[in-house]
Amino acid sequence: MNQKNSLGLDNCFNDLENPIELFNEWFNEAKKSEINDPNAFALATANKSGIPSVRMLLLKDFNEEGFVFYTNIYSNKIKEIHNTGRASMCFHWKSLQRQVRIIGNVFAVSNTEADNYFNSRPYVSKIGAWASMQSSPLISREELNKSIEEYKKKYPENVSVPRPKHWTGFRLKHIAIEFWLNGENRIHERLFYERKISKWQKVLLSP
């Protein structure tokens, strides 16, 4: 029989008051068991009409200040984030039968933070950030390939590639986090953290 924590949940939920500490534990487990991209998550946003959109991204950093991802500022996701200032993330680790859902406000990271991450990227990824105007109509793949070759000439591999002003990072500052564990017969285990002023409040959720 699985051990239980003080709330009667599987012991993988532990008894932590800070959800970032629990996310860190679950994320480290996912890095051991997920075959591909344990840092992959779905990002949900909505446009001015309230129509939702969701897409997969990669988490690049997280701490007490929030969860960081990078993208083109002209992408649809950022245009929609500007509508409300909020977004939601969902991590699904099938190997662990766990999910984590995060809701929060979104802010741009500092230029220094964005520069440091951009400089750590592979050369071709840097060129791609310049060559692709993300989410804009593309006449053909040849158009994109031509743009890539033009930027390779402009920024050869032996020189430093600067970060485009249209490419930067965003931090989702969490205000609520739910941890979900698959259960037999759909009787799942769910733990919801919500920030109340300066403290986190924990509550069980029905399956």
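A residue is called buried here when its relative accessible area is under 20%, and exposed when that value is over 50%. With these cut-offs in hand, the predicted model can be walked through from its overall layout down to a single helix.

The protein contains five helices and nine strands. Read from the N terminus, these elements follow the order α-β-β-β-β-α-β-β-α-α-α-β-β-β. Along the principal axes, the C-alpha atoms occupy a box of roughly 60 × 40 × 35 Å. Of the 207 residues, 42% count as buried. Contacts that are distant in sequence feature strongly in the count: among those between residues at least 6 apart, 61% join residues at least 24 apart.

Turning to the surface, the protein exposes about 12,100 Å², and carbon and sulfur atoms supply 50% of this area. Its charged side chains comprise 29 positive and 23 negative charges, and the mean positions of the two sets lie 6 Å apart.

Helix α3, spanning residues 111-120, offers a closer view of burial. Its buried residues are Ala114, Tyr117 and Phe118. Because these three cover an arc of only 100° around the axis, they sit on the same side of α3. The cover over them includes strand β4 (66-72), helix α4 (123-131) and strand β7 (167-181). On the face turned away from this buried side, α3 carries the exposed residues Thr112, Asn116 and Ser120. Helix α3 thus pairs a buried side, with Ala114, Tyr117 and Phe118, with an exposed set on the face turned away from it.

Note on methods: Residues numbered from 1 in each chain as written. Predicted model: local features only at pLDDT ≥ 70, side-chain atom pairs only at ≥ 80, totals over all residues. Heavy atoms only, no water. Helix = DSSP H or I, 4+ residues; strand = E, 2+ residues; numbered from the N terminus. Buried < 20%, exposed > 50% of the residue type's maximum accessible area, 1.4 Å probe, protein only. Contact = heavy atoms within 4.5 Å. Areas by Shrake-Rupley, 256 points an atom, 1.4 Å probe, with all protein chains shown as cover. Lys, Arg positive; Asp, Glu negative; His and termini not counted. Charge placed at Lys NZ, Arg CZ, Asp CG, Glu CD. Arc of directions from axis to C-beta.
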